[in-house]
Amino acid sequence: RWLPELFGKAGKAPKPGGMCTPEAGCPPAADGTRTDIIGVLTGSGVASPEGEPVAGEKEARDKDSEKEIAMIAIAGATGNIGSKIAAALLSGGHPVRCIARSTDKLDVLAAQGAEVEAISLADTPALTKAFSGAEVVFAMIPPNYQAPDFLSYQEMIGTSLVRAIQASGVKYVVNLSSLGAHLADGTGPIKGLHAQEQRLNQLSGVHLLHLRPTYFMENLLAN
């Protein structure tokens, strides 16, 4: 199938230099290639410097065109990033399972054709059930700045995600991380994302891609 081939080509995230967005993907890496978030989740993946698919990807997709389309589960599906990814996938006709706590926001996605699961990411048994049957998971730790101990919160949600991925048998994971997550210390809240990358890296039999975007324009509103 196309997913192993795609993850083999997209195994390293682009070097930083700008923002990653569902619409535009990520800034080009040193070799000029781009990682398209929606493309990674659906199998159209990495574009060449000219914007064309990497050689062989079209043929791989054509071979899969007669097969059942993979279910994609999205954690944090009602947030700023997850909601845009969900909308883009749904508009492309992909089966999507949206996971979040807000039933009102999930109702909007359900009306667009998504399966929805109104659960907490900390509820590992419920999360395992939500991931079951999905071929791809978009994983993230939604920020909770009201948590009394932010790193402990990240560890709780991150551990739950990893255990649910392992128990559900999901084989492909796209993890939202951050610039600086390659550093073990001295990065504030990003330290928790470093730890999450390390937890996910320990999974056996899972094709994994970490996304490390740099900065979100919306952050400026808090300044």
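Leu-183 counts as partly exposed, because its relative accessibility is 39%, a value that lies between the limits of under 20% for buried and over 50% for exposed. Please keep in mind as I go on that we are looking at a predicted model. Leu-183 sits in the loop that runs between E7 and H8, and although His-194 is 11 residues away from Leu-183 along the chain, the C-alpha atoms of these two residues are separated by 6.7 Å.

Let me step back from that loop to the chain as a whole. The protein chain has 223 residues, of which 46% are buried, and it contains 8 helices and 8 strands. Its accessible surface comes to about 11,200 Å², with 54% of that area belonging to carbon and sulfur atoms. If we take the contacts with a separation of 6 or more, residues 24 or more positions apart account for 60% of them.

Now to the sheet. This is an open sheet of 6 strands, which pair in parallel fashion and follow the order E5-E4-E3-E6-E7-E8. Strand E5, residues 115–118, and strand E8, residues 207–211, stand at the edges with a single partner strand each, and therefore one side of each has no neighbour in the sheet. On average, and ignoring direction, neighbouring strands here are turned by 15° against each other.

Within the sheet I would like to pick out two pairings. Strand E3, residues 72–75, runs parallel to strand E4, residues 96–100, and 4 bridges join them; in this pairing Ala-73 stands opposite Arg-97 in E4. Towards the edge formed by E8, strand E7, residues 172–176, pairs with E8 in the parallel sense over 5 bridges, and Tyr-172 stands opposite His-207 in E8. How much of E8 is covered, given that E8 stands at an edge? E8 is mostly covered, in that 4 of its 5 residues are buried.

Next, the helix that I find useful for reading the packing. Helix H6, residues 124–131, packs on the sheet and touches E3, E4, E5 and strand E6, residues 136–139, while its direction makes about 165° with that of E4. The buried residues in H6 are Ala-126, Leu-127, Thr-128, Ala-130 and Phe-131, and what covers them includes E3, E4, E5, E6 and H7. Just after H6, Gly-133 takes a positive phi of about 90°.

That brings us to the cores. The largest nonpolar core holds 30 residues, and the members that touch the most other members are Ile-99, Leu-127, Phe-131, Leu-161, Ile-165 and Val-173. Several elements, among them E3, H6, E6, helix H7 at 150–168 and helix H8 at 190–201, each supply at least two residues of this core, with the largest share, 7 residues, coming from H7. Phe-131 offers a view of how these pieces meet: leaving aside residues up to four places away in sequence, Phe-131 touches Ala-73, Arg-97, Ile-99, Val-137, Leu-161, Ala-164, Ile-165, Ser-168 and Val-170. There is also a second, separate core of 23 residues, which includes Ile-72, Leu-109, Ala-114 and Val-174.

I will finish with the aromatic rings. A pair of aromatic rings is described by the distance of the centres and the angle of the planes. The structure holds 2 aromatic pairs. Tyr-145 and Phe-150 form a stacked pair, with 5.4 Å from centre to centre and 10° between the planes. Which of these two residues is buried and which is exposed? Tyr-145 is exposed, because its relative accessible area is 64%, whereas Phe-150 is buried, because its relative accessible area is 18%.

Phe-150 also pairs with Tyr-153, and here the ring centres are 6.1 Å apart with the planes at 35°, so this pair is tilted. Phe-150 and Tyr-153 are 3 residues apart in helix H7, which means that about one helical turn separates them, and both are buried. Taken together, the ring pairs link Tyr-145, Phe-150 and Tyr-153 into a cluster.

Key:
Residues numbered from 1 in each chain as written. Predicted model: local features only at pLDDT ≥ 70, side-chain atom pairs only at ≥ 80, totals over all residues. Heavy atoms only, no water. Pairing = 2+ DSSP bridges. Axes fitted to C-alpha atoms, helices over the stretch in contact; angles between N-to-C directions. Contact = heavy atoms within 4.5 Å. Core = buried A, V, L, I, M, F, W, Y, C linked by side-chain atoms within 4.5 Å. Buried < 20%, exposed > 50% of the residue type's maximum accessible area, 1.4 Å probe, protein only. Areas by Shrake-Rupley, 256 points an atom, 1.4 Å probe, with all protein chains shown as cover. Phe/Tyr/Trp six-rings, centres within 6.5 Å; stacked < 30°, edge-to-face > 60°.
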